[in-house]
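Open the model in your viewer and keep the sequence panel beside it. This tour goes from the whole chain to a sheet, then to one residue, then to two pockets.

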Amino acid sequence: MSTTQSERLRELLEPLVTSQGLDLEEIAVDSVGRKRVLRVVVDSDTGADLDQIADVSRELSAKLDESDAMGAGEYTLEVGTPGAERLLKEHRHYLRAVDRLVKFQLTEGGELVARILKVDDEGLDLEVPGVKGRKATARRLAFSDFDKARVQVEFSRKDSKNEQENVQENEQEEEA
């Protein structure tokens with residue numbers, strides 16, 4: 001996709017996405033055989049549910065139909081969210097990833113997997129999980145200390161907030 005087409009599509013679609021309370025994260029046009037696919041990725045601080053995705057998809061489709069931004073050929077519009085293992089690029093992405101496990105590609109070389117605890121303008125406060133029974137350690141990482149960061153999927157993480165709530169509920173029930 002040419003930069004000009006990408007910029008034109010962003011200018012056309014971003015106001016519609018923003019009006020729905022969402023951020024336009026990514027636009028990509030891919031050729032699949034003879035057909036083209038326009039992929040639009042949206043998100044928000046609270047995530048995007050299926051109803052929001054459907055609403056914004058209808059609005060984007062109508063706007064694209066009345067414009068010539070995609071040219072005369074056929075295309076398919078796909079609207080979705082970033083996915084579980086999203087790449088973090090913008091400051092807002094890091095804020096949304098607080099309490100998530102992230103893999104960092106360090107500028108000095110190597111990787112670091114850690115949980116984001118806090119985000120500010122200069123960098124991140126992290127919790128590096130302990131290995132082989134050791135305790136987790138705190139670490140500060142400036143944005144300039146890494147080249148890439150990607151959220152990691154966790155299947156077996158215990159939700160500490162829910163655990164604490166369950167303990168409190170059990171204590172209250174025992175008192176009653």
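**The whole chain**

Start with everything selected. The protein chain has 176 residues, and 29% of them count as buried. This is a predicted model, so treat each stop as a description of a computed structure. Colour the surface next: the chain exposes about 11,600 Å², of which carbon and sulfur atoms supply 44%.

Now switch to a cartoon view. What elements does the protein chain contain, and how many of each? There are four helices and nine strands. Read from the N terminus on, they follow the order α-β-β-α-β-β-α-β-β-β-β-β-α. Contacts can be sorted by how far apart the partners are in sequence. Among contacts with a separation of 6 or more, 51% are between residues 24 or more positions apart.

**The six-stranded sheet**

Select strands E4, E5, E6, E7, E8 and E9. These six strands form an open sheet, and across it the order is E4-E9-E5-E6-E7-E8. The pairing is antiparallel. Strands of a sheet pair through backbone hydrogen bonds, either parallel or antiparallel.

Which strands stand at the edges? They are strand E4 (87-88) and strand E8 (137-142). Each has a single partner strand, so one side of each is left without a neighbour in the sheet.

Next, narrow the selection to E6 (residues 111-119) and E7 (residues 123-128). The two run antiparallel and are joined by four bridges. A hairpin of three residues connects E6 to E7. To see one bridge, pick Ile-116 and look across to its partner in E7, Leu-126.

Keep E7 and add E8. This pair is also described as antiparallel, with six bridges. Here you can pick Val-128, whose bridge partner in E8 is Thr-137. While side chains are on display, keep a general rule in mind: in a regular strand the side chains alternate between the two faces of the sheet.

**Gly-80**

Move to Gly-80, which lies in strand E3 (residues 75-80). Is Gly-80 buried or exposed? Neither word fits: its relative accessible area is 23%, so Gly-80 is partly exposed, because buried would need a value under 20% and exposed a value over 50%.

Now show what surrounds Gly-80. Leaving aside residues up to four places away in sequence, Gly-80 touches Val-40, Val-41, Val-42 and Ile-53. Draw a distance from Gly-80 to Ile-53: their C-alpha atoms are separated by 6.6 Å, although the two residues are 27 apart along the chain.

**The largest pocket**

Select Glu-25, Glu-26, Arg-86, Leu-87 and Lys-89. The largest pocket holds about 250 Å³ of space. Its lining has 14 residues, and the five you selected are the closest to its centre. Strand E1 (23-32) and helix H3 (91-96) are the elements that give two or more residues to this lining. E1 supplies the largest share, three residues. Colour the lining by class and you should find eight charged, four nonpolar and two polar residues.

**The second largest pocket**

For the last stop, select Asp-43, Gly-83, Arg-86, Arg-96 and Arg-100. The second largest pocket has about 220 Å³ of space. It is lined by 16 residues, and those five are the closest to its centre. By class, the lining divides into six polar, five nonpolar and five charged residues. Finish on Arg-86, which is listed among the residues closest to the centre of the largest pocket and of the second largest pocket.

Definitions and conventions. Residues numbered from 1 in each chain as written. Predicted model: local features only at pLDDT ≥ 70, side-chain atom pairs only at ≥ 80, totals over all residues. Heavy atoms only, no water. 1 Å grid on protein atoms, 1.4 Å probe; cavity = no way out; pocket = protein on both sides within 12 Å on 5 of 7 lines; lining within 4 Å. Points joined across faces, edges and corners; volume = space filled by probe spheres on them. Nonpolar A, V, L, I, M, F, W, Y, C, P; charged D, E, K, R; others polar. Buried < 20%, exposed > 50% of the residue type's maximum accessible area, 1.4 Å probe, protein only. Contact = heavy atoms within 4.5 Å. Areas by Shrake-Rupley, 256 points an atom, 1.4 Å probe, with all protein chains shown as cover. Pairing = 2+ DSSP bridges.
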